[in-house]
Amino acid sequence: MKKTIKDVNVSGKRVIVRCDFNVPLDEKGNITDDSRITASLPTIQYLVDKGAHILLLSHLGRPKGEADMKYSLLPVAQMLSGVFGSDFMFYSSPFVVDDEAKRVAAHLGPGQIMLLENVRFRWEETKNEPSFSRELAGLADIFVNDAFGSAHRAHCSTAGIAEYLPGVSGFLMEKELEFLGNTVENPKRPFLAIMGGAKVGDKIPVIENLLNKVDALIIGGGMAYTFLKAQGYEIGRSLLEEDMTNMALSMLSKAKVRGIRLLLPVDVWAAKEFSNDAEKICCAIDSIPPDYMGMDIGIKTVELFGKEIENAATIVWNGPMGVFEMPEFAKGTKAIAEKLAENEGTTVIGGGDSAAAVRQFGFAGKMTHISTGGGASMEFLEGKVLPGVAALMDR
Ligand code: ADP
Ligand code: MG
């Protein structure tokens, strides 16, 4: 367990918080989804209530290691200013930290908040250069990491800074570690993992790690076809990663040896083209026509997977069951999401597209936890140690 802000005395201290304000913006620079900012408010509010002197850090987009005002945190600042009023200020410098920033930071009163500019305006940030870590650390007494979505990167503001300051997790980070970590490490059984999405290669490390933990594993979505092909089925023009078929076979036999139930689709919705309006048929996996491609799990498969979901006490889901961006091929993903929503056990969603699908179908409120970090949650499920987490103090 990592220490959290509740384990240290923050009252009257200078506290620097790494947030994840990497919000999506439209062409005019308006925030199109502010959920990441909202998710960071409990930590900031706690520090305000405790009378800490608060500095906020974040990146936004991918400026190329230099100041590019297209990626300024100004839109984020405008929202935070609406929340915290006159206790909030934005210090926008192309250098992020400069002499004036240090002077202003030193004069912050208790409960006052100062947001610095996009940390990726400095080339040192993504190189984890100690010089920039020291500059940031020099502004504060305590480091709080609340940016789970960036915790898989060893950057100055996520990891390097903790070399020079005691580091603890914020509430959002704590929640992610508790739900993702605890769920996977101490699951109530039966423990079921559901994997889908497009790229087998990317997900193999996750499957490999989960095979050490789960009682059952469902593989659906585009990646299922590589597994089906490996077993000798003809999959027509479905998604295939030829170089992964051996890996797929080795996963299948690993599951067998360990007595893990591994479920693959038994039927699929196949289409002649990769299009919502394509002619489609529901066919058993041993009768996919050569000129068709699998776009979604079939009717019997939804039933089969659904039963497994009903019986599980803990479920981790990553990757949609079909091309859910097309309404005609979203039905399998929606049905599975609904089954998870009905499950009374622990349900955790990791992965950007899976989270988007669950939200889109209106089941977000019915899940135990939807991870805010796409890449970070994947690396976590692979069993990797995230640098931004490792840098924090143990309890
Ligand atoms: P996540 O972001 O949740 O980790 P992925 O990025 O791995 O999920 O996969 C999501 C993508 O997989 C979606 O864009 C979806 O259209 C695609 N996909 C799912 N099933 C299929 C399929 N049968 N054929 C092609 N693409 C698919
Ligand atoms: Mg994705």
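Student: Which residue just after α13 takes a positive phi?
Tutor: The model is a predicted one. Helix α13 covers residues 374-381. Just after α13, a positive phi of about 85 degrees turns up, and it belongs to Gly383.

Student: Which residues of helix α13 are buried?
Tutor: Buried means under 20% relative accessible area. In α13, five named residues fit that: Ala376, Ser377, Met378, Glu379 and Leu381.

Student: What do the buried residues of α13 pack against?
Tutor: Take the buried residues of α13, Met378 being one of them. Two of their partners are helices and one is a strand. They pack against α6 (171-185), α7 (200-210) and β13 (314-318).

Student: Are α6 and α13 roughly parallel or roughly antiparallel to each other?
Tutor: Their axes come within 10 Å and cross at roughly 25 degrees. Angles under 35 degrees count as roughly parallel. Therefore α6 and α13 are roughly parallel.

Student: Which residues make the contact of α6 with α13?
Tutor: α6 passes α13 in a right-handed crossing. On the α6 side, the contact uses Leu177, Leu180, Gly181 and Val184. On the α13 side, it uses Ser377, Phe380 and Leu381.

Student: How many residues of the contact of α6 with α13 are nonpolar?
Tutor: No residue of this contact is charged. Two are polar. The nonpolar ones number five.

Student: Where does Asn318 sit?
Tutor: α13 has a buried residue, Met378, and Asn318 touches Met378. Asn318 also touches others, including Ile194, Lys203 and Ser354. The place of Asn318 is strand β13.

Student: Is Asn318 buried or exposed?
Tutor: Its relative accessibility is 2%. The cut-off for buried is under 20%. So Asn318 counts as buried.

Student: How far apart are the C-alpha centres of domain 1 and domain 2?
Tutor: Domain 1 spans 5-172, and domain 2 spans 187-382. Their C-alpha centres are separated by 37 Å.

Student: How many residues does the contact take from domain 2?
Tutor: The two domains are 5-172 and 187-382. Their contact takes five residues from domain 1. From domain 2, the number is eight.

Student: Which residue follows Arg189 across a cis peptide bond?
Tutor: This bond has omega near 0 degrees. The residue after it lies in the loop between α6 and β7 (191-195). It is Pro190.

Student: Is α1 oblique or roughly parallel to α2?
Tutor: Helix α1 holds residues 35-49 and helix α2 holds residues 74-84. Their axes come within 12 Å and cross at roughly 50 degrees. Roughly parallel would need an angle under 35 degrees. That makes α1 and α2 oblique.

Student: Which residues of α2 meet α1?
Tutor: α1 passes α2 in a right-handed crossing. α1 brings Ile37, Thr38, Leu41, Ile44, Gln45 and Val48. α2 answers with Val76, Met79, Leu80, Val83 and Phe84.

Student: How many residues of the contact of α1 with α2 are nonpolar?
Tutor: None of the residues in this contact is charged. Two are polar. The nonpolar count is nine.

Student: Is Ala105 buried or exposed?
Tutor: Ala105 is in helix α3 (residues 99-106). Beyond its neighbours within four places in sequence, Ala105 is in contact with Leu55, Met114 and Leu139. Its relative accessibility is 7%, so Ala105 counts as buried.

Student: How far apart in space are Ala105 and Ala140?
Tutor: In sequence, Ala105 and Ala140 are 35 residues apart. In space, C-alpha to C-alpha, the distance is 8.8 Å.

Student: What is the phi of Val96?
Tutor: Val96 lies in the loop between β3 (88-91) and α3. It is buried, with a relative accessible area of 0%. Its phi is positive although Val96 is not glycine, with a value near 65 degrees.

Student: Is Asn128 buried or partly exposed?
Tutor: Asn128 lies in the loop between α4 (124-127) and α5 (130-137). It too has a positive phi, about 55 degrees. Its relative accessible area is 26%, so Asn128 is partly exposed.

Student: Is Lys256 buried or exposed?
Tutor: Lys256 is found in helix α9. Exposed means over 50%. Its relative accessible area is 73%, so Lys256 is exposed.

Student: Which residues does Gln231 touch, not counting residues up to four places away in sequence?
Tutor: Gln231 is in the loop between α8 (224-230) and α9 (245-257). It is partly exposed, at 42%. With those sequence neighbours set aside, Gln231 touches Leu252 and Leu264.

Note on methods
Residues numbered from 1 in each chain as written. Chains lettered and ligands numbered in written order. Predicted model: local features only at pLDDT ≥ 70, side-chain atom pairs only at ≥ 80, totals over all residues. Heavy atoms only, no water. Buried < 20%, exposed > 50% of the residue type's maximum accessible area, 1.4 Å probe, protein only. Helix = DSSP H or I, 4+ residues; strand = E, 2+ residues; numbered from the N terminus. Contact = heavy atoms within 4.5 Å. Axes fitted to C-alpha atoms, helices over the stretch in contact; angles between N-to-C directions. Parallel < 35°, antiparallel > 145°, perpendicular 65-115°, else oblique. Left-handed = near helix turned anticlockwise from the far one by under 90°. Nonpolar A, V, L, I, M, F, W, Y, C, P; charged D, E, K, R; others polar. Domains from an automatic or database assignment.
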